[in-house]
Amino acid sequence: MDLDVFVSAHRAEWDRLEALLRRQRRLNGAEADELVTLYQRTATHLSLIQSSAPDPQLTGRLSQLVARARSAVTGTRRASWRDVTRFLAQGFPAAVYKSRHWWVPTALLSTAVAALLGWWIGTHPEVQASIAAPSELRELTRPGGQYETYYSSHPAASFAAQVWTNNAWAAALCLILGVFLGLPVIWILFQNMLNLGIGFGLMSSAGRLDTFLGLVLPHGLLELTAVFVAAGTGLRLGWTLIDPGPRTRRTALAEEGRAAIGMAIGLALVLFVSGAIEGFVTPSGLPTWARITIGVAAELAFFAYVYVLGGRAARAGDTGDVEAAERSATVPTAA
């Protein structure tokens, strides 16, 4: 593309669009139609320049012009309860459903790693000795020891808030750091599985595996599922950098990134539920079977939410991204 010829051919259209945007009075019907047409043409010009002959100064001017025109054409819109309802009933579960091919294998592999680590620690006294001194291990695993009192050592409300904050932050890190080819996500996930494996191995070696599972399962099922979803989504975001598919890498990363941000908000709500269970149910005086039943019910409710509501929304075309009217204009590309 000859940039000078292109600018000469279309400068008048850009100047006219800028003049319409500077109008103080309300545009009449013909001017409004002209504004829409010029906005669409300028958006196409910007895309062509970015792909064929990028010029920083010209790209900056046209980007600003397209943004102003888009605001004038679409108007500003405030978030409403309709957006919240749509996000909870369609957007978030659809995003989780569509990323299931990433987080389900992540969950299975991570659980296997945690179980393997737990078996290795539980059956090798020398590994246990490298973790802590024998007296410290006894204090951790004895009846009324630190593993049990951990869940009741603080007031339930403050403990639930602390757990929720920590888990939500870990999930957000998985989603955000996925852009670095997913490598930090793998490390965060391994750290979580290592902590789980250590508790599993030490309590099983002390003959108290039933107590450990009774303490972990009520909140752990939903909590770990949320972490697996975040990790799987982060890995998917990292893979988008490597293989964006038929989309441009920029477009693919923008779409997956917006869906990941929505996922972070949704998972914070899920982790709020698991945090409440960990703060109020896990240390409660309920029988073990009752506490585990509550955890299983919460987990099944989440799966129903994702596979029923999310599956229906995904089949209807929802991807978890923002609505089409809220996205930046793009120009079709050849397959």
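This report describes the nonpolar cores, one helix pair and one buried threonine of a predicted model.

## Basis of the model

Residues are numbered from 1 along each chain as its sequence is written, and side-chain values use heavy atoms, with hydrogens and water left out. Because the model is predicted, local features need pLDDT of at least 70 and side-chain atom pairs count only at pLDDT 80 or more, whereas totals for chains, interfaces and linings use all residues.

## Nonpolar cores

The largest nonpolar core (buried Ala, Val, Leu, Ile, Met, Phe, Trp, Tyr and Cys residues joined through side-chain atoms within 4.5 Å, buried being under 20% relative accessible area with a 1.4 Å probe, protein chains only) holds 37 residues, and Phe92, Val96, Met263 and Leu267 have the most contacts inside it. Two or more residues come from each of α4 (81-98), α5 (100-123), α9 (156-177), α10 (183-205), α11 (209-242), α12 (249-281) and α13 (288-315), helices being DSSP runs of H or I with at least four residues, numbered from the N terminus. With eight residues, α11 gives the most to this core.

Leaving out residues up to four places away in sequence, Leu267 touches Phe92, Leu175, Ala226, Val229 and Ala230, where contact means heavy atoms within 4.5 Å. Another core, of 18 residues, lies apart from the largest one and includes Leu3, Leu38, Leu62 and Val66.

## Helices α10 and α11

The axes of α10 and α11 (lines fitted to C-alpha atoms over the stretch in contact, with angles from 0 to 180 degrees between N-to-C directions) come within 11 Å and cross at roughly 170 degrees. The pair is therefore roughly antiparallel, a term for angles over 145 degrees.

## Threonine 240

Thr240 lies in helix α11 and counts as buried because its relative accessibility is 5%. Beyond its neighbours within four places in sequence, Thr240 is in contact with Arg249, Ala252, Leu253 and Glu256.

Definitions and conventions: Buried means under 20% relative accessible area, exposed over 50%, partly exposed in between (1.4 Å probe, protein chains only). Angles under 35 degrees count as roughly parallel, over 145 as roughly antiparallel, 65 to 115 as roughly perpendicular and the rest as oblique.
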